[in-house]
Amino acid sequence: MSIGMLARETGASVRSLRHYDEHGLLSSGRAGNGYRTFPATAIVRVRQIQRLIAAGFSLTEIRGFPDCMLMIEGAAACPETSEVQRKRLASVERQIADLERRRVRLRRMLVEGAAPPLD
């Protein structure tokens, strides 16, 4: 299938698809006119790549994931990826805790610096 058709089927931009292909996440061939062509299985793979990116994984991390994560639409985990997913979750939880501390500080600053209400 053409890159345009793959983009329509997945909602990914053509630019993103080229980027995934250049990073080894997709395999493409070349048509007689030189345009990229993709197998039908690329639809599931692109959807999984998008899903993993939305969960915070980098393209480098995704490239290391086995087919159990990339070729099964909706795959949430497989034994080979559990540790990477745990580390990502721990990182996200640290970021949330840091943001919560900042929120508390900002609220405190606003309360302490608030001017008395006008009569």
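Here a trainee and a mentor talk through a predicted model of a protein.

Trainee: Let's begin with the overall layout: what pattern does the protein follow along the sequence?

Mentor: There are six helices and two strands to place. Reading along the sequence, you meet them in the order α-α-β-β-α-α-α-α.

Trainee: How confident is the predictor, and which element has the lowest mean pLDDT?

Mentor: For the protein, the mean pLDDT is 86, and 87% of its residues reach 70 or more. Among the elements, α1 has the highest mean, 95. At the other end, with a mean of 69, is helix α5 (residues 67–70).

Trainee: What percentage of the residues in the protein is buried?

Mentor: A residue counts as buried when its relative accessible area is under 20%. The protein has 119 residues, and the buried share of them is 26%.

Trainee: Which helix gives the largest share of the largest nonpolar core?

Mentor: In soluble globular proteins, nonpolar side chains tend to be buried together. Here the largest nonpolar core has 18 residues, and Leu 6, Leu 17, Tyr 20, Leu 26, Val 46 and Ile 62 touch the most other members. Two or more residues come from each of α1 (3–10), α2 (14–22), α3 and α4 (59–63). The largest share, five residues, is given by α3.

Trainee: Leu 6 sounds like a good place to zoom in. Which residues does Leu 6 touch, not counting residues up to four places away in sequence?

Mentor: Leave out those sequence neighbours, and you can pick out the partners of Leu 6 in the structure. They are Met 1, Leu 17, Leu 26, Phe 38, Ala 42, Ile 43 and Val 46.

Trainee: Which residues of α3 are buried?

Mentor: Helix α3 runs over residues 42–54 and has 13 residues. From its first C-alpha to its last, α3 reaches 18 Å, close to the 18 Å expected at 1.5 Å a residue. Its buried residues are Ala 42, Ile 43, Arg 45, Val 46, Gln 48, Ile 49 and Leu 52.

Trainee: And what comes just after α3: which residue takes a positive phi there?

Mentor: Look just past the end of α3 for a phi of about 100 degrees. The residue that takes this positive phi is Gly 56.

Trainee: Which residues form an aromatic pair, and is it stacked or edge-to-face?

Mentor: A search of the whole structure finds one aromatic pair. Its ring centres are 5.2 Å apart, with 70 degrees between the planes of Phe 57 and Phe 65. Planes over 60 degrees apart count as edge-to-face, so the pair of Phe 57 and Phe 65 is edge-to-face.

Trainee: Are those two rings on buried or exposed residues?

Mentor: The cut-off for buried is under 20% relative accessible area. Phe 57 has a relative accessibility of 7%, and Phe 65 has a relative accessible area of 7%. Phe 57 is therefore buried, and Phe 65 is likewise buried.

Trainee: Now for α6: how far apart are its end C-alpha atoms?

Mentor: Helix α6 has 32 residues. At 1.5 Å a residue, they should span 46 Å. That agrees with the model, where the end C-alpha atoms of α6 are 46 Å apart.

Trainee: Which residues of α6 are buried?

Mentor: Look along residues 82–113, which make up helix α6. The buried ones are Gln 85, Arg 88 and Ser 91.

Trainee: Asp 98 also lies in α6. Which residues meet Asp 98 in a salt bridge?

Mentor: One partner, in the same helix α6, lies three residues from Asp 98, and another lies four residues away; each step is about one turn of the helix. The N to O distance is 3.7 Å for Arg 101 and 3.1 Å for Arg 102. So the partners of Asp 98, itself partly exposed at 25%, are Arg 101 and Arg 102.

Trainee: What is the N to O distance between Glu 100 and Arg 103?

Mentor: Both residues lie in α6, three residues apart. Glu 100 is partly exposed at 36% relative accessibility, and Arg 103 is partly exposed at 39%. Their side chains meet in a salt bridge with an N to O distance of 2.8 Å.

Trainee: How many salt bridges does the count come to?

Mentor: Besides those in α6, a network of salt bridges links Asp 21, Glu 22 and Arg 36. The count of salt bridges comes to seven.

How values were computed. Residues are numbered from 1 along each chain as its sequence is written. This is a predicted model: local features need pLDDT of at least 70, side-chain atom pairs count only at pLDDT 80 or more; totals for chains, interfaces and linings use all residues. Side-chain values use heavy atoms; hydrogens and water are left out. A salt bridge is a side-chain nitrogen of Lys or Arg within 4 Å of a carboxyl oxygen of Asp or Glu. Buried means under 20% relative accessible area, exposed over 50%, partly exposed in between (1.4 Å probe, protein chains only). The expected span of a helix is 1.5 Å times one less than its number of residues. A nonpolar core is a set of buried Ala, Val, Leu, Ile, Met, Phe, Trp, Tyr and Cys residues joined through side-chain atoms within 4.5 Å. Contact means heavy atoms within 4.5 Å. Rings of Phe, Tyr and Trp (its six-membered ring) pair if their centres lie within 6.5 Å; planes under 30 degrees apart count as stacked, over 60 as edge-to-face and the rest as tilted. pLDDT is the predictor's confidence in each residue, from 0 to 100.
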